[in-house]
Amino acid sequence: MPELPEVETIANGLNRRVAGDRIESVWVSDKPEPLKSPAADISATLEGAQVERVQRVGKHIVFDLAPGRGPGRQWIVHLGMTGKLLVTVPETETEKHTHLVARLASGRELRFVDPRRFGRLEVRQSGFSGPGAEPLKIGVQEFARLFHGSKAPVKAALLNQKLLHGVGNIYADEALFRARVRPRRRANSLSQAELRKLHAGLLRVLKAAIAAGGSSVSDYVDADGEEGFFQIQHRAYGREGKPCVTCKTPIKKIVVAGRGTHYCPKCQK
DNA sequence: ATACCGACCTGTCAGC
DNA sequence: TGCTGACAGGTCGGTA
């Protein structure tokens, strides 16, 4: 479900709510899919650990843990399409598809819920830096270099987490719309000017979406249960058949890299 | 190396 | 009303 702006919003909300709290005990479901680390490792790492802070890396939520001795460990959560991390009181009814419950010293619970089970939970030594470059930090030069070496459609390159991490289907379409570049163009066919526009468009759309609390297309909510509002600013994603905000031409929907892809056939070259 | 496609899961919605 | 199929914000592994 969530891409960079949603994960950023969730991680910031979790940081506000649970940083400094201690995990007293953990329950893990017996469904194996969401676990990248063995359940016993996850429990052993989380139990007794204090949450130092929560931050976003790519589309991952990273909990820095202070176990008290030895090198720090991290709990890394990828929400997949439908994952949620909720902070609740114990009395709140446990949702269907709850896969992990961490009981906190404050008396609250941190719960991981994921109906589709595409999300992943993992514990590891500190220092996780994600699979690719960070879109909010990368300069235009490095950005251009990433795409220069790829013959893939530029949309596929944007979605490739080993190049840039954090960009998903919505913001790839939105960035390409703002850069006026067609999603099927080969990444290495973009001119320097187009790469600059793509870099700028991506930064603009990600920052605006973070400011709006992310996009709530169906059921996304942040750590406080609040919806995001960026979906009302979408110009391409989800607007098939609707008039382009620039030229009124109907937005087209095609499939690129196996994903529904929206663009303006007139504005985007 | 690259790119397409199915697989992984469940829920929802449109269409019949 | 109920069934079927398509589709969904993500990623991985196999194959051509």
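## Around helix 3

The buried residues of helix 3 pack against helix 4 and helix 6. Here buried means under 20% relative accessible area, exposed over 50% and partly exposed in between (1.4 Å probe, protein chains only). Helices are DSSP runs (H or I, at least four residues), numbered from the N terminus.

A word on the model: it's predicted, so local features need pLDDT of at least 70 and side-chain atom pairs pLDDT 80 or more, while totals for chains, interfaces and linings use all residues. Residues count from 1 along each chain as its sequence is written, and side-chain values use heavy atoms, without hydrogens or water.

Which residues of helix 3 are buried? They're Phe143, Ala144, Leu146 and Phe147. These cover an arc of only 155° around the axis (taken from the directions from the helix axis to the C-beta atoms), so they sit on the same side of helix 3. Over on the other side, Gln141 and Arg145 are exposed.

Phe147 also turns up in the largest nonpolar core, which has 31 residues. Such a core is a set of buried Ala, Val, Leu, Ile, Met, Phe, Trp, Tyr and Cys residues joined through side-chain atoms within 4.5 Å. These helices each supply at least two residues of it:

| Helix | Residues |
|---|---|
| Helix 3 | 140–148 |
| Helix 4 | 154–159 |
| Helix 5 | 169–179 |
| Helix 6 | 192–211 |

Leaving aside neighbours within four places in sequence, Leu164 is in contact (heavy atoms within 4.5 Å) with residues including Phe143, Phe147, Leu158 and Leu202.

Methods
Chains lettered and ligands numbered in written order.
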